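These are my notebook entries on one structure. I set down what I looked up, topic by topic.

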Amino acid sequence: MIKKLAGCIREYWLVSLLAPITVIGEVVLEVIIPKLMADLIDFGINAGDMSYIWLTGAKLVTACLFSLLCGALAGAFAAKAAAGFAKNLRKDMFYNVQSFSFSNIDKFSTSSLVTRLTTDVSNVQNAYMMIVRTAFRSPAMIVFCMISAFRINKTISLMYLLAIPILAIAFLVIFSNAHPIFEKVFKTYDKLNNIVGENLHGIRVVKTFVREEHEDKKFKDISGEIYKLFMKAERIIIFNMPVMQLVIYASMICLSWLSAKFIVASGNNPEVGLTTGQLTSLYSYLMQMLISLMMLSMIFMMIVISKASAERICEVLDEKSDLTNGDDPITEVKDGSVKFEGVSFSYNGSDKYCLSDIDLDIRSGEVIGVIGGTGSSKSSFVQLIPRLYDATKGRVLVGGADVRDYDLETLRDNVAMVLQKNVLFSGTIKDNLRWGDPNATDEEIKRVCKLACADEFIEKFPDKYDTYIEQGGTNVSGGQKQRLCIARALLKKPKILILDDSTSAVDTKTDSLIRKAFAEEIPDTTKFIIAQRISSVEDADKIIVLDGGKLNGFGTHEELLKTNAIYREVYESQVKGGGDDE
């Protein structure tokens, strides 16, 4: 995990190195200062030597100023290193998520990924800043202070060695008990983000059904759960400070008692025992060491919190797409023909297949309707064509080649898909449409909008094609959103076009016009139309009937009316119920 995270330092390695170097310089100067103060007292003030006092005083001021400079530089270097590390970490996570296949994405909830990219990265960033600065400062301070203290008086300094194992044991106990709780905290954060995102996304539904109190209770419950977990962790962590204070005050008492005996015995003679200046230095070294130990305890607490976050971040970084290019991928799709050979498919390697034994042969340029009840795996069926998922058994061929042999970008550039859930992004209509082709001209944009019957409402907007679309397309209707998404897909000039129930929100007249435009303008493009309305697919060259993930029928509208009971039942129910006259 450490090796994985360290790879995100990259161009910030120099400031990451300069931070501890300047910290050590600061520590050395801070350790020298008590020695200079001891000499000032013993050889300057006690001896009444003014020239020595002025010289040593000047050395003290110089040491303090350089110590301050080193401290400021260390802080600046550490802040830049930590911020850069966090930037690279977020970038690597986000880029890796972009490479995920649908099956990879299914392993993480949206709220969980948001938490990992924000809260978890911030925790690791704070821990890294403390590591490159304080984690070097505290051990260096302890070592240098220990050396200086032993040079003054070995017997008294042995007392310092007793404090370290006591604190180490206390830290270990606190760490091992607090870490599992913080793991639960961040998983609960995922749930909190999910509730907030779901509420904001569906705020209109919440208000329509007057469910504000219900949503408030959901938020209060999950927020209360986070509070309880944090309180439970804090009850463990708060023992850190009492243990530290106990060790500090016990060490000060022992130092005072032992030093008093040495001073009395020596008569303030440094050659025999201990002087007043040396006692002052020992007090300074003691406080510096114990403060450093306290800082180390804070680092350990931060590591306790960040370890859980680091593990969650590495889960995202370690996740690799299960859809990759082969050694010599095909970079050209010859035509839009599609063939399924004994295809079965299940999600996440489950033994339960949602598609079973599909055999189909579709020629390039054909219009294929797909009909089936809810849960018949219509969407799963078409998602195998652009290789959003891989078939569990059998193979899918596009343009005469197995989809697994294609370069992924090449394959998906030639397969345009309008998903069941239409998504528009914040930006102008032109910005959204150019997702299909970033270099599309205004004329090309207007042409595909006419094909998708979107031009009729776009022209009514004051800003026309420069009209701003809010996030998620909240300022356009469902039918308008569907037509914009169809236009966006057409800009790709695909060899295969898949419409996954993407005309459900438009009226039958507009649906008919869109299908007519497809037949006239893109006759060589193979078109898959998933629909609930028979009228949307009855003119198709062939119609696929799916039932429970199995191929129940395949033929023209007339053939299926004669031979397929499911198709005939759907047709009759819609005709008698007026389902096609909405």
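**Positive phi and where it occurs**

I began with Cys453, which lies in the loop between helix 14 (442–451) and helix 15 (455–458). For helices and strands I used DSSP runs numbered from the N terminus, with helices being H or I of at least four residues and strands being E of at least two. The model is predicted, so that local features need pLDDT of at least 70 and side-chain atom pairs count only at pLDDT 80 or more, while totals for chains, interfaces and linings use all residues. Residues are numbered from 1 along each chain as its sequence is written, and side-chain values use heavy atoms, with hydrogens and water left out.

Cys453 is not a glycine, yet its phi is positive, at about 60°. I noted for context that most residues other than glycine have a negative phi. Cys453 counts as buried because its relative accessibility is 7%. The scale I used takes buried as under 20% relative accessible area, exposed as over 50% and partly exposed as in between, with a 1.4 Å probe and protein chains only.

I then turned to Asp357, where phi is near 50°, again a positive value in a residue other than glycine. Asp357 belongs to strand 2 (residues 355–362). Its relative accessibility of 54% places Asp357 in the exposed class.

**Cysteines and disulfides**

How many disulfides does the structure hold? I recorded zero, with a disulfide taken as a pair of cysteine sulfur atoms within 2.5 Å. Why is Cys8 without a bond to Cys314? The sulfur of Cys314 is the closest cysteine sulfur to that of Cys8, but the separation is 8.3 Å, too far for a bond. Cys8 itself is buried, at 2% relative accessible area. Cys64 is likewise in no disulfide, and the nearest cysteine sulfur, in Cys70, is 12 Å away. I entered Cys64 as partly exposed, since its relative accessibility is 38%.

**Packing of helix 3 on helix 5**

Two packed helices are described by the angle between their axes and the distance between the axes. Helix 3 (residues 50–98) and helix 5 (residues 110–152) have their axes 8 Å apart and pack at an angle of about 150°. The axes are lines fitted to C-alpha atoms, for helices over the stretch in contact, and the angles run from 0 to 180 degrees between N-to-C directions. Helix 3 and helix 5 are therefore roughly antiparallel; angles over 145 degrees count as such, those under 35 as roughly parallel, 65 to 115 as roughly perpendicular and the rest as oblique.

Is the crossing of helix 3 and helix 5 left-handed or right-handed? It is right-handed, meaning that the near helix is turned clockwise from the far one by less than a right angle, whereas anticlockwise would be left-handed. I sorted the residues of this contact into 19 nonpolar, four polar and three charged. Here Ala, Val, Leu, Ile, Met, Phe, Trp, Tyr, Cys and Pro are nonpolar, Asp, Glu, Lys and Arg are charged, and the others, Gly among them, are polar.

**Aromatic pairs**

My search of the whole structure found eight aromatic pairs. Rings of Phe, Tyr and Trp (its six-membered ring) pair if their centres lie within 6.5 Å, and planes under 30 degrees apart are stacked, over 60 edge-to-face and the rest tilted. Phe345 and Tyr389 form a tilted pair, because their planes are at 55°, with ring centres 5.3 Å apart. Phe345 is in strand 1 (residues 338–345) and Tyr389 is in the loop between helix 11 (378–383) and strand 4 (393–398), so the pair ties together parts 44 residues apart in sequence. Both Phe345 and Tyr389 are buried. I also noted a cluster in which ring pairs link Phe340, Phe381 and Phe528.

**Separations along the chain and in space**

Ile299, in helix 10 (residues 276–318), is buried at 5% relative accessible area. Between Ile299 and Ile131 there are 7.4 Å from C-alpha to C-alpha, and they are 168 residues apart in sequence.

Leu255, in helix 9 (residues 240–266), is buried at 0%. Its C-alpha atom is separated by 78 Å from that of Val382, 127 residues apart along the chain.

Ser364 sits in the loop between strand 2 and strand 3 (367–372) and is partly exposed at 35% relative accessibility. Ser364 and Gly336 are 4.4 Å apart, C-alpha to C-alpha, and 28 residues apart in sequence.
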